[in-house]
Amino acid sequence: MKKTIITVVGKDSVGIIAKVCTYLADKGINILDISQTIVDGFFNMMMIVDFESVDQKFVVIAGELEKMGEEIGCVIRVQREEIFDKMHRL
């Protein structure tokens with residue numbers, strides 16, 4: 001399993017979860033865990049997904065999600081689990 005962490009942060013608006021989840025489903029990316037919250041009008045979501053059966057390159061998917069974030073007024077970051085773990089050990 002190739003776990004990847006996706007974070008989405010921005011002003012809350014209708015359809016953020018739907019757009020991100022639809023994109024992932026269309027790419028065959030399985031959501032393993034998801035957490036989302038809204039605090040004072042700000043949306044925050046963290047997802048753990050499985051990239052095991054994805055045909056496209058990681059950088060392509062990450063780029064497309066980042067572009068989607070810009071279009072919906074959010075910041076979307078995609079990080080491989082091992083990078084995420086190492087960053088947060090410091």
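How much area does the protein chain expose, and what share do carbon and sulfur atoms supply? The protein chain exposes about 5,800 Å², and carbon and sulfur atoms supply 53% of it. Areas come from the Shrake-Rupley method with a 1.4 Å probe; for residues, only the protein chains shown count as cover.

This is a predicted model: local features need pLDDT of at least 70, side-chain atom pairs count only at pLDDT 80 or more, and totals for chains, interfaces and linings use all residues. Residues are numbered from 1 along each chain as its sequence is written, and side-chain values use heavy atoms, with hydrogens and water left out.

**View 1. Order of helices and strands in the protein chain.** The chain has three helices and four strands. Their order along the sequence is β-α-β-β-α-β-α. Helices (H or I, at least four residues) and strands (E, at least two) are DSSP runs, numbered from the N terminus.

**View 2. The salt bridge between lysine 27 and glutamate 64.** The two side chains meet at 3.6 Å, N to O. Lysine 27 lies in the loop between helix 1 (16–26) and strand 2 (30–39) and glutamate 64 in helix 2 (residues 58–72), so the pair ties together parts 37 residues apart in sequence. The count comes to one salt bridge (a side-chain nitrogen of Lys or Arg within 4 Å of a carboxyl oxygen of Asp or Glu).

**View 3. Exposure of the paired residues lysine 27 and glutamate 64.** Lysine 27 is partly exposed, at 26% relative accessibility. Glutamate 64 is also partly exposed, at 30%. Buried means under 20% relative accessible area, exposed over 50%, partly exposed in between (1.4 Å probe, protein chains only). Of the 90 residues of the chain, 31% count as buried.
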